[in-house]
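This report follows one predicted model from a single strand position outward to the sheet, the helix packed on it and the core. The sequence and structure are shown first.

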Amino acid sequence: MRIELKDIKAGELEQEYSCSLADFPDLQELAGVDDLKFYPPFEFKLRLQRSGKFIEVDGQLHAVVRLKCGRCLHHYRLPLAESFSFTFVPQPESCETEEEVELAAADLGLTCYQDDVLELQEPLQEQLLMAIPISPLCDVSCRGLCPECGVNLNVSSCECVKKPFNSKFNILADMNFKKT
Ligand SMILES: [Zn+2]
Ligand SMILES: [Zn+2]
């Protein structure tokens, strides 16, 4: 997952990658946390456009992950399909605060490269990480688990919540309507 600057002929290059989990150490570490699971390959389609020393990268990623719903705690598969773009800029030479420059560049959506070689592993991993939802929900309308009895309210119902509601309404009904 590295491209040499000289390979971007005529200022443009299209590139596809099919990556495994072994390509992305940070993802490997995440696997298993909160039951997160990855189903490689991770597919990337990239289009690189060079203008001078700057290289614009437009890409799409496709991946499938297994997540745990934050409401009903069930596992579900989520296909990820994201578009992204970032820009490679040359690492400033003879810079004493290299790390600071890199951090500042990252804030601007810039990725530094050195020695005319574009390293794609880091930025692609970052795109995958950003594509994973922070608060996963199996469905926006997931009803979750009953806090009383733990039943999954998506597939069945229980009386825990209904009872107090019903009795309240019953009392109201008794109060207001019996008189009329
Ligand atoms: Zn759910
Ligand atoms: Zn219940």
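## E82 and its surroundings

In this predicted model, E82 touches Q60, L61, Q127 and A131, leaving aside residues up to four places away in sequence. E82 is found in strand β5, where L61 stands opposite E82. The C-alpha atoms of E82 and Q60 are separated by 5.6 Å, although the two residues are 22 residues apart along the chain.

Is E82 exposed, partly exposed or buried? E82 has 13 C-beta neighbours inside 10 Å and therefore counts as partly exposed, since a residue is called exposed at 12 or fewer such neighbours and buried at 20 or more.

## Overall architecture

The protein holds 4 helices and 7 strands, and, read along the sequence, these elements follow the pattern β-β-α-β-β-β-α-β-β-α-α. Of the 180 residues in the protein, 14% are buried. Among contacts with a separation of 6 or more, 55% are accounted for by residues 24 or more positions apart.

## The five-stranded sheet

An open sheet of 5 strands has the order β2-β3-β4-β5-β6, and its pairing is mixed. The strands β2 and β6 (110-113) stand at the edges, each with a single partner strand, so one side of each is left without a neighbour in the sheet. From one strand to the next, the twist averages 25°.

Within this sheet, β3 and β4 run antiparallel and are joined by 12 bridges, while β4 and β5 (residues 75-90), which also run antiparallel, are joined by 14 bridges. The position of V65 in β4 can be followed across both pairings, for F38 stands opposite V65 in β4, and V65 in turn stands opposite L78 in β5. The hairpin of β3 and β4 has 2 residues between the strands, and in this hairpin G52 takes a positive phi near 65°. The hairpin of β4 and β5 has 6 residues between the strands, and here L73 takes a positive phi near 65°.

## Helix α3 on the sheet

Helix α3 lies across β3, β4, β5 and β6, running at about 140° to β5. Its buried residues are L124, Q127 and L128, and, seen down the axis of α3, these fall within an arc of 100°, so they line one face of the helix. In general, an α-helix has 3.6 residues a turn, so residues three or four places apart point the same way.

The cover over the buried residues of α3 includes α1 (25-30), β3, β4 and β5. Q127, one of the buried residues of α3, is also one of the residues that E82 touches. The face of α3 turned away from its buried side carries the exposed residues L129 and M130.

## The nonpolar core

Which residues touch the most other members of the largest nonpolar core? They are F42, F44 and L128, in a core of 20 residues. At least two residues of this core are supplied by each of β3 (37-51), β4 (54-68) and α3 (121-131), with the largest share, 6 residues, coming from β4. In soluble globular proteins, nonpolar side chains tend to be buried together.

The contacts of F42 illustrate how this core is assembled: with residues up to four places away in sequence set aside, F42 touches C19, L61, A63 and L128. L61 thus links two parts of this description, as a residue touched by F42 and as one touched by E82.

## The loop around G11

G11 has its place in the loop between β1 (2-4) and β2 (12-19). With 11 C-beta neighbours inside 10 Å, G11 counts as exposed, because the limit for that class is 12 or fewer.

Residues distant in sequence nevertheless meet G11, which touches Q49, R50 and S51 when residues up to four places away in sequence are not counted. G11 and Q49 are 38 residues apart in sequence and 5.6 Å apart in space, C-alpha to C-alpha.

Definitions and conventions. Residues numbered from 1 in each chain as written. Chains lettered and ligands numbered in written order. Predicted model: local features only at pLDDT ≥ 70, side-chain atom pairs only at ≥ 80, totals over all residues. Core = buried A, V, L, I, M, F, W, Y, C linked by C-beta atoms within 7 Å. Contact = placed C-beta atoms within 7 Å. Pairing = 2+ DSSP bridges. Axes fitted to C-alpha atoms, helices over the stretch in contact; angles between N-to-C directions. Arc of directions from axis to C-beta.
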